[in-house]
Amino acid sequence: MNPQLAHDPGHSWLGVPVDARPLFVVEQTALMAVLRGLEPSDWSKEAVPGWTVRDLAAHILGDFYGRLARDRDGHQEGPRLAPGETLEAFIHRINQEWVDALARVSPTALTDTLDLVGGQVARYFETTDPGTPSLGVSWAGVDPAPMWLDCARDLTEFWTHRQQIRHAAGQETDLDPRLLSVVLDIFMRALPHTLRHTAAPVGTQIQVSVEGPAGGTWTVTAAGDRWSLAEPHAGQPAARIQMDADSAWRLCTRGITPATALARAHLDGDRQLAEAACQIVSIVC
């Protein structure tokens, strides 16, 4: 069962808040096990387009440092948006600058530093108030976002990057439901934003179900000014989408295309609504 927090009335359309804070220790332990188990040749394999495993590990370290500097330490220095630069372009630029700067750091030194700093990130999140305003989550359409969502967004990113490293090293996805159930739940918080341009009568529902121990069911409802993941009213969904957990997380992170996800899924009802929901993206891309 996903750890849940008290109801968040200011963001009820995002659904019931989830407390991901205790899971950072679990994720950090799993990441270190993967990195310390890599063969020397694995570090130069491509993990994501344009980045090796070593590059991706350096990127994770940058995320660790950024979180601690900005939120724990109140450090305000660092890169800024260039004139005319979009948020997505800015993020990609500073990510690449960081990875390039760490090219001289060896995999062993990188792993040791990730172990040290990742533990600090886990301890920091334990001290946060889930209800306070925090960084915006662009793919959920909320800025500022409540800390519970911002925190959980980081968990999903760290989890996703660990899977990308595993895949590069020839390992399968880690489907441990302790983490994946929360990751999928947070990914689905992108549904209202995904459907923001999809017109439907008030009360229209779309249901997304993910099979397996880490799965669940999410119902998003047309609520006039926006779609909402708040508790749905009784009624039959206009569209149902059912897929396996591996396809679901890959869809949300664009590891597979919406067309591939639709081909793998079982659909009932209004296909146009189902196709609109399958445009979901739960990362900055």
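**Figure 1. Val-53 is a buried residue of the predicted model, with a relative accessible area of 0%.** The structure shown in this and the following views is a predicted model. Val-53 is found in helix H2, and helix H2 covers residues 53–72. If residues up to four places away in sequence are not counted, Val-53 touches Leu-38, Asp-42, Trp-43, Lys-45, Ala-47, Ile-165 and Ala-168. One of these residues, Ile-165, is 112 residues from Val-53 along the chain, yet the C-alpha atoms of the two are separated by 5.9 Å.

**Figure 2. Arg-67 and Asp-71 of helix H2 are joined by a salt bridge.** Side chains of opposite charge can pair when their charged atoms come close. In this view the side chains of Arg-67 and Asp-71 meet at 2.5 Å, taken from N to O. Arg-67 and Asp-71 are four residues apart in helix H2, and about one helical turn therefore separates them. Which of the terms buried, partly exposed or exposed fits Arg-67? With a relative accessibility of 1%, Arg-67 counts as buried, because buried means under 20% relative accessible area. Asp-71, by contrast, is partly exposed, with a relative accessible area of 24%.

**Figure 3. Asp-150 of helix H5 forms a salt bridge with Arg-67 of helix H2.** The side chains of Asp-150 and Arg-67 meet at 2.8 Å, again from N to O. Because Asp-150 lies in helix H5 (residues 147–168) and Arg-67 lies in helix H2, this pair ties together parts of the chain that are 83 residues apart in sequence. Salt bridges that share partners join Arg-67, Arg-70, Asp-71, Asp-150, Arg-153 and Asp-154 into one network. Asp-150 counts as buried, at 0% relative accessibility. Leaving aside its neighbours within four places in sequence, Asp-150 is in contact with Arg-67, Asp-71, Ser-134, Leu-135 and Val-137.

**Figure 4. Arg-36 and Asp-115 meet in one of the 20 salt bridges that the structure holds.** The side chains of Arg-36 and Asp-115 come together at 3.1 Å, from N to O. Arg-36 belongs to helix H1 (residues 23–36) and Asp-115 belongs to helix H4 (residues 107–126), so the salt bridge ties together parts that are 79 residues apart in sequence. Arg-36 is partly exposed, with a relative accessible area of 47%, and Asp-115 is also partly exposed, with a value of 34%.

**Figure 5. Helices H1 and H4 pack with their axes within 9 Å.** How do the two helices run relative to one another, roughly parallel or roughly antiparallel? The axes of H1 and H4 cross at roughly 170°, and this makes H1 roughly antiparallel to H4, because angles over 145 degrees count as roughly antiparallel. On the side of H1, the contact is made by Phe-24, Val-25, Gln-28, Met-32, Leu-35 and Arg-36. On the side of H4, the residues that take part include Thr-111, Asp-112, Leu-114, Asp-115 and Phe-125. Taken together, the residues of the contact of H1 with H4 divide into seven nonpolar, four polar and four charged.

**Figure 6. Five strands form an open sheet of mixed pairing, in the order S7-S6-S5-S8-S9.** Strand S7 (227–228) and strand S9 (266–269) stand at the edges, and because each has a single partner strand, one side of each is left without a neighbour in the sheet. Strand S5 (residues 205–210) and strand S6 (residues 216–222) run antiparallel and are joined by six bridges, and Gln-207 stands opposite Thr-219 in S6. S5 and S8, on the other hand, run parallel and are joined by five bridges, with Met-243 in S8 as the bridge partner of Val-210.

**Figure 7. Strand S8 has one covered face and one uncovered face.** The covered face holds Ala-239, Ile-241 and Met-243, whereas Arg-240 and Gln-242 belong to the uncovered face. Helix H8 (residues 245–252) lies across S5 and strand S8 (239–243), and H8 runs at about 110° to S8. Four bridges join S8 to S9, and these two strands run antiparallel. Ile-241, which is part of the covered face of S8, has Leu-267 in S9 as its bridge partner.

Definitions and conventions
Residues are numbered from 1 along each chain as its sequence is written. This is a predicted model: local features need pLDDT of at least 70, side-chain atom pairs count only at pLDDT 80 or more; totals for chains, interfaces and linings use all residues. Side-chain values use heavy atoms; hydrogens and water are left out. Two strands pair if DSSP finds at least two bridges between them. Contact means heavy atoms within 4.5 Å. Axes are lines fitted to C-alpha atoms, for helices over the stretch in contact, and angles run from 0 to 180 degrees between N-to-C directions. A salt bridge is a side-chain nitrogen of Lys or Arg within 4 Å of a carboxyl oxygen of Asp or Glu. Buried means under 20% relative accessible area, exposed over 50%, partly exposed in between (1.4 Å probe, protein chains only). Angles under 35 degrees count as roughly parallel, over 145 as roughly antiparallel, 65 to 115 as roughly perpendicular and the rest as oblique. Ala, Val, Leu, Ile, Met, Phe, Trp, Tyr, Cys and Pro count as nonpolar, Asp, Glu, Lys and Arg as charged, and the others, Gly among them, as polar.
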